[in-house]
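Here is a short report on one chain. Have the sequence and the model side by side as you read.

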Amino acid sequence: MHSAYIVVTLLAITMNAGSAIAGTIRRKKLAPAMRRAGVPESWIVFPINTLKLAGALGLLLGLIGVPLIGLAAAIGLVLFYVCAVHTHLLSRDYSPQLGLASGFLAVAVSALTLALAA
């Protein structure tokens, strides 16, 4: 179980940190997708990408010995992606962005589940 926790948490860290960094660099490319979901473009860097990066850093801290921070980060990411999926569904945005948000949610739920079991 511990190996699965490490692998899934590293995956969640990589996905969220990569998404936050790429999203900040390619803000203009994300703008149309954000508009479809009804999210202001000004939210791309803060709070959206800031929360993703904070979640990734918190998960990393959980792996290196601060388990309560890791657990809090996993909970935060699950809540973040539940809200992201909800936002896409409310705006009837069934684009690939909804699939991405759902995939990120699945990984966050897995990381949380394994953190609780560890």
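## Helix α2 and its cover

This is a predicted model. In helix α2, the residues L30, A31, A33 and M34 are buried. The cover over the buried residues of α2 includes α1, α3 and α5. α2 itself runs over residues 27–36.

R35 also lies in α2. R35 is exposed, because its relative accessible area of 52% is over the 50% cut-off. G38 follows the helix, and its phi is positive, near 80°.

## Overall fold

The chain holds five helices and zero strands. Along the sequence the pattern reads α-α-α-α-α. The radius of gyration is 14 Å, close to the 13 Å that the globule rule gives for 118 residues, so the chain is as compact as a globular protein of that length.

The C-alpha trace spans about 40 × 25 × 20 Å along its principal axes. Of the 118 residues, 40% are buried. Take the contacts between residues at least 6 apart in sequence: 66% of them join residues at least 24 apart.

## The loop between α4 and α5

α4 covers residues 67–90 and α5 covers 96–117, with D93 in the loop between them. Is D93 buried or exposed? D93 is buried, because its relative accessible area of 4% is under the 20% cut-off.

Which side chains make polar contacts with that of D93? The side chain of H88 does so at 2.8 Å. The side chain of S95 does so at 2.9 Å. Leaving aside residues up to four places away in sequence, D93 touches A33, R36, A37, H88 and L98. Among these partners, A33 is one of the buried residues of α2.

R92 sits in this loop too. R92 counts as exposed, because its relative accessibility of 64% is over the 50% cut-off. R35 and D93 are 58 residues apart in sequence. In space, they are 9.8 Å apart, C-alpha to C-alpha.

## The largest pocket

How much space lies in the largest pocket? The volume is about 640 Å³. The lining counts 25 residues. M34, I48, K52, F80 and H88 lie nearest the centre of the pocket. Two of these names have come up already: M34 is buried in α2, and H88 has a side-chain polar contact with D93.

Which helices supply the lining? α1 (2–25), α2, α3 (44–63), α4 and α5 each give at least two residues. The largest share comes from α4, with six residues. By type, the lining divides into 17 nonpolar, six polar and two charged residues.

## Backbone points to check

Most residues other than glycine have a negative phi, and most peptide bonds are trans. Two places in this chain deserve a look against that background.

One is R92, which has a positive phi of about 55° although it is not a glycine. R92 belongs to the loop between α4 and α5. The other is the peptide bond from F46 to P47, which is cis, with omega near 20°. P47 is placed in helix α3.

Methods
Residues are numbered from 1 along each chain as its sequence is written. This is a predicted model: local features need pLDDT of at least 70, side-chain atom pairs count only at pLDDT 80 or more; totals for chains, interfaces and linings use all residues. Side-chain values use heavy atoms; hydrogens and water are left out. Helices (H or I, at least four residues) and strands (E, at least two) are DSSP runs, numbered from the N terminus. Buried means under 20% relative accessible area, exposed over 50%, partly exposed in between (1.4 Å probe, protein chains only). A polar contact is a pair of N or O atoms within 3.5 Å; within protein, one must be able to donate a hydrogen and the other to accept it, and residues adjacent in sequence count only if both atoms are side-chain atoms. Contact means heavy atoms within 4.5 Å. On a 1 Å grid over the protein atoms alone, a cavity is a set of points where a 1.4 Å probe fits but cannot get out, and a pocket is an open set with protein on both sides within 12 Å along at least five of seven lines; lining residues have an atom within 4 Å of a point. Grid points are joined across faces, edges and corners, and a volume is the space filled by probe spheres set on the points. Ala, Val, Leu, Ile, Met, Phe, Trp, Tyr, Cys and Pro count as nonpolar, Asp, Glu, Lys and Arg as charged, and the others, Gly among them, as polar. The radius of gyration is taken over C-alpha atoms; the globule rule is 2.2 Å times the number of residues to the power 0.38.
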